[in-house]
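This report describes a few parts of one structure, for a reader who has not seen it before. Please look at the sequence and the structure first.

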Amino acid sequence: MPPTSGNTILSPLHHIKGAITLAFSTALIWALSLPAWSLIEATEAQRDTVVEMLEQLQERHYAGLAYADDLSSQHLDNYIKSLDSGKMFFTSADIAEFEQYRSVMDEQLQDGKLDAGFAIFNRYHQRVQDRLDHLIKTIPDAVATLDFSVDESVPLDAEDIQWAKDQAELDDRWRKQLKNQVL
C-alpha cells in the first residue's frame, strides 16, 4: 500500500516534488539570513546534490517516474505558490517572466543548473525586502489615514484572486491587509 497522509494517498509525484522542494527550501532558508543587497547563487555542493537527488529519485523510487516537462511545470507552479501563496509580492509580469522556466527546469536540474530557482527566489527576496522597507517607512501614516467608513473586503483564499497587474495593485492589497489587521 502506498504511503498515506491522513485519508489521502500520496502519489509518487508528491514524493518527487517534495524532495525537490526540500532541496530548494534548505538552500533558500539559508539565504534569508543574507543582507538584502545580496543575490544568492547556487554552490557546487547544491548543484551536485540536485543531480544526485534526481538520479536517485528516477532510478530508485518505487514509481519509476522521470522528471520531465510535466513535472517541471508542476514544480514551477508549486515553487511559486510556496514563496507567494497569498499573491502579495509577485506581479503578473513576474509570473509571465517565470514562464520561461516552465518546461526547461527538468533539463537544467539534471545538469545541476539551479538558475531558475535562484532567479525566482532572488526576485522574491527583493520584493519582500522592498515591501518591508516601505512598510517601516509608511506604516504610522498609513494607519492614521485608514478610512473605516469605506466598505471593503479582503479575499480569504488567494486562489480567488489573480496576480496583481502592477505595484499599485499590490500596494492596495497591502493597504487592505493593514486595515484588516488594525480592525
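## Buried residues and a helix contact

Y124 counts as buried, because its relative accessibility of 15% is under the 20% cut-off. The model is a predicted one. Two further residues, F121 and D84, are buried as well, each with a relative accessible area of 3%.

| Residue | Relative accessible area | Class |
|---|---|---|
| D84 | 3% | buried |
| F121 | 3% | buried |
| Y124 | 15% | buried |

Both F121 and Y124 belong to helix α6, where three residues, about one turn of the helix, set them apart. Their rings form an aromatic pair with 6.1 Å from centre to centre and 50 degrees between the planes, which is tilted. The structure has six aromatic pairs by this rule. F121 and Y124 are also part of one aromatic cluster, together with F89, F90, F98, W163 and W174.

Helix α6 covers residues 115-144, and its axis comes within 11 Å of that of α3, crossing at roughly 25 degrees. The two helices are therefore roughly parallel. The crossing is right-handed. On the α3 side the contact is made by L76, Y79 and L83, and on the α6 side by G117, I120, F121 and Y124. Six of these residues are nonpolar, one is polar and none is charged.

D84 sits in the loop between α3 (69-83) and α4 (92-98). Leaving aside residues up to four places away in sequence, D84 touches F89, F90 and W163, which are members of the aromatic cluster. The C-alpha atoms of D84 and A158 are 9.7 Å apart, with their positions 74 residues apart along the chain.

Note on methods
Residues are numbered from 1 along each chain as its sequence is written. This is a predicted model: local features need pLDDT of at least 70, side-chain atom pairs count only at pLDDT 80 or more; totals for chains, interfaces and linings use all residues. Side-chain values use heavy atoms; hydrogens and water are left out. Helices (H or I, at least four residues) and strands (E, at least two) are DSSP runs, numbered from the N terminus. Buried means under 20% relative accessible area, exposed over 50%, partly exposed in between (1.4 Å probe, protein chains only). Contact means heavy atoms within 4.5 Å. Axes are lines fitted to C-alpha atoms, for helices over the stretch in contact, and angles run from 0 to 180 degrees between N-to-C directions. Angles under 35 degrees count as roughly parallel, over 145 as roughly antiparallel, 65 to 115 as roughly perpendicular and the rest as oblique. A crossing is left-handed if the near helix is turned anticlockwise from the far one by less than a right angle, and right-handed if clockwise. Ala, Val, Leu, Ile, Met, Phe, Trp, Tyr, Cys and Pro count as nonpolar, Asp, Glu, Lys and Arg as charged, and the others, Gly among them, as polar. Rings of Phe, Tyr and Trp (its six-membered ring) pair if their centres lie within 6.5 Å; planes under 30 degrees apart count as stacked, over 60 as edge-to-face and the rest as tilted.
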